[in-house]
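Biologist: I'd like to go through this one with you and hear the reasoning behind each label. Shall we look at it together?

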Amino acid sequence: MTETISGRLVVDDGEVLGRLSVDDEGRIASIEPDGLAPASTLLVPGFIDVHVHGWGGHDAMGGGEALSGMARALAGRGVTSFLPTSVTASFEQLTEFADSVRTWMPGAPADGAEPLGFNMEGPFLAEQKKGAHPAGLLRHPEDLDDERLATFIEGLRIITIAPELRGAPELIGWLAARGVRVSLGHSAATVSESRAGYEAGAVTTTHLFNAMSGVVHREPGLALAALLDDEVWVELIADTLHVDPDLWPLIWNLKPTERVLLVSDAIALAGSGVTRGMLGELEVRVDGEAVTLVEGGNLAGSVTALDMELRNVVRAGVPLTDAVRAAAANPAELLGLSDRGRLAPGLRADLVELEPESFEVRRVMRAGEWIVGA
């Protein structure tokens, strides 16, 4: 059977009032203009969150049951694909995390966001820019031999590395050659060290401006290198706290539209109503929309989701088409996925129906099946 959804559709080149049909194989069969379609229905591609530590009380590092809860909770926010993301931990704990994701993925719930592998934020981070990562567990790339590294490769899609660390260029090249997307971040690198990291094979940047050397007139660092390289992606946590909204136009003006990624960096407390808990080995608290370390006060992830960030950037003046691209098509392209992330015939019917003004999620379809709001 096929299904047709009518409304305001966000496609590659803008918005159109039209009808989108889904075939019985879970793919978009056709998109046809229809001036009578209801403008009160906003239809966008399913969001892809490539940097998320938890949601709804469920921690990405908490094992299979927690991962299933996280996947279902994210689906309620319009996320149809995601990368469970670790925080800095011991190599033993990170091995357990990787194994748990790999074991869980084949049986992941069909009514949740689809896992695409996993993301590792740490332990190869600079102590000066550790943010909410425990200093005692940070490591230099040369601390891990190739045999130990090989145990992480299966399913590892993204990893954050500070490019100035000993052995970083070699590790970046080794991982890139095996298909891992290396992200530069948590770094005090100079602009030349940052460029060397990208030249070694890094392709993206972890939460731009946060926990990194910046755009300082006599000491330019990683943020400048990322902004001026048209080939690399940059993550933006658009919760209005991690990066002031007055800086968002700078990002979109300097970066090609297809190289900006909206990420949540959400932690398990997000959407749970609980205001105090743990992020790895560190205690955190929630105050309104801010998550901070109990000791030290550093920002420690977020309690936002991509539907909220889409609303934020659009209200700040980013065109809706560009904002949707940053939440869906761009992360798909980063991961080398050509079957999702856009509204176009032949692609998977991963769809999100939103309220047109508030961007609250009404319904979510994954591969042709309604999994939220059916």
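Modeller: Sure, and keep in mind that this is a predicted model. Let's start with Ala-132, which sits in the loop between strand 10 and helix 3.

Biologist: What makes Ala-132 buried or exposed?

Modeller: Its relative accessible area is 9%. Buried means under 20%, so Ala-132 counts as buried.

Biologist: Which residues does Ala-132 touch, leaving out those up to four places away in sequence?

Modeller: Ala-132 touches Leu-279, Leu-282, Leu-293, Leu-299 and Ala-300. As for Leu-227, it is 95 residues from Ala-132 along the chain, and their C-alpha atoms are separated by 24 Å.

Biologist: Some of those contacts take us to a sheet. In what order do its four strands come?

Modeller: The order is 16-17-18-19, in an open sheet with antiparallel pairing. Strand 16 (276-279) and strand 19 (299-302) are the edges. The average twist from one strand to the next is 35°.

Biologist: How do you know that strand 17 and strand 18 pair?

Modeller: Count the bridges: pairing takes at least two, and strand 17 (residues 282-287) has four with strand 18 (residues 290-293), in the antiparallel sense. One example is Arg-285, whose bridge partner in strand 18 is Thr-292.

Biologist: Now strand 8. Why is it called largely enclosed by the rest of the structure?

Modeller: Eight of the eight residues in strand 8 (residues 79-86) are buried, so the strand is largely enclosed by the rest of the structure.

Biologist: And which strands does strand 8 pair with?

Modeller: Strand 5 (residues 47-52) runs parallel to strand 8 and is joined to it by four bridges. Strand 9 (residues 114-115) also pairs with strand 8 in the parallel sense, over two bridges. Strand 10 (residues 118-121) does so as well, again parallel and over two bridges. Phe-82 of strand 8 stands opposite Asp-49 and also opposite Pro-115 in strand 9. For Ser-86, the bridge partner in strand 10 is Met-120.

Biologist: What about Phe-82 and the largest nonpolar core?

Modeller: That core has 94 residues, and Phe-82 is listed with Ile-159, Ile-161, Leu-175 and Leu-262 as having the most contacts inside it. Beyond its neighbours within four places in sequence, Ile-161 is in contact with several residues, including Phe-124, Leu-171, Leu-175 and Val-182.

Biologist: Leu-171 and Leu-175 come up in helix 4 too. Why is helix 3 called oblique to helix 4?

Modeller: Helix 3 (residues 146-153) and helix 4 (residues 168-176) pack at about 45°, with axes 12 Å apart. Angles under 35 degrees would count as roughly parallel, and 65 to 115 as roughly perpendicular. The angle here fits neither range, so helix 3 is oblique to helix 4.

Biologist: What is the handedness of the crossing, and which residues make the contact?

Modeller: The crossing is right-handed. Asp-146, Leu-149, Ala-150 and Ile-153 of helix 3 meet Leu-171, Trp-174 and Leu-175 of helix 4.

Biologist: Last stop, the N-terminal end. What do strand 1 and strand 2 form?

Modeller: A hairpin, with two residues between the strands. Nine bridges join strand 1 (residues 3-11) to strand 2 (residues 14-22), running antiparallel, and Ile-5 stands opposite Leu-20 in strand 2. Strand 1 is also joined to strand 4 (residues 42-45) by two bridges, running parallel. There, Leu-9 has Leu-43 as its bridge partner.

Definitions and conventions:
Residues numbered from 1 in each chain as written. Predicted model: local features only at pLDDT ≥ 70, side-chain atom pairs only at ≥ 80, totals over all residues. Heavy atoms only, no water. Axes fitted to C-alpha atoms, helices over the stretch in contact; angles between N-to-C directions. Core = buried A, V, L, I, M, F, W, Y, C linked by side-chain atoms within 4.5 Å. Buried < 20%, exposed > 50% of the residue type's maximum accessible area, 1.4 Å probe, protein only. Contact = heavy atoms within 4.5 Å. Parallel < 35°, antiparallel > 145°, perpendicular 65-115°, else oblique. Left-handed = near helix turned anticlockwise from the far one by under 90°.
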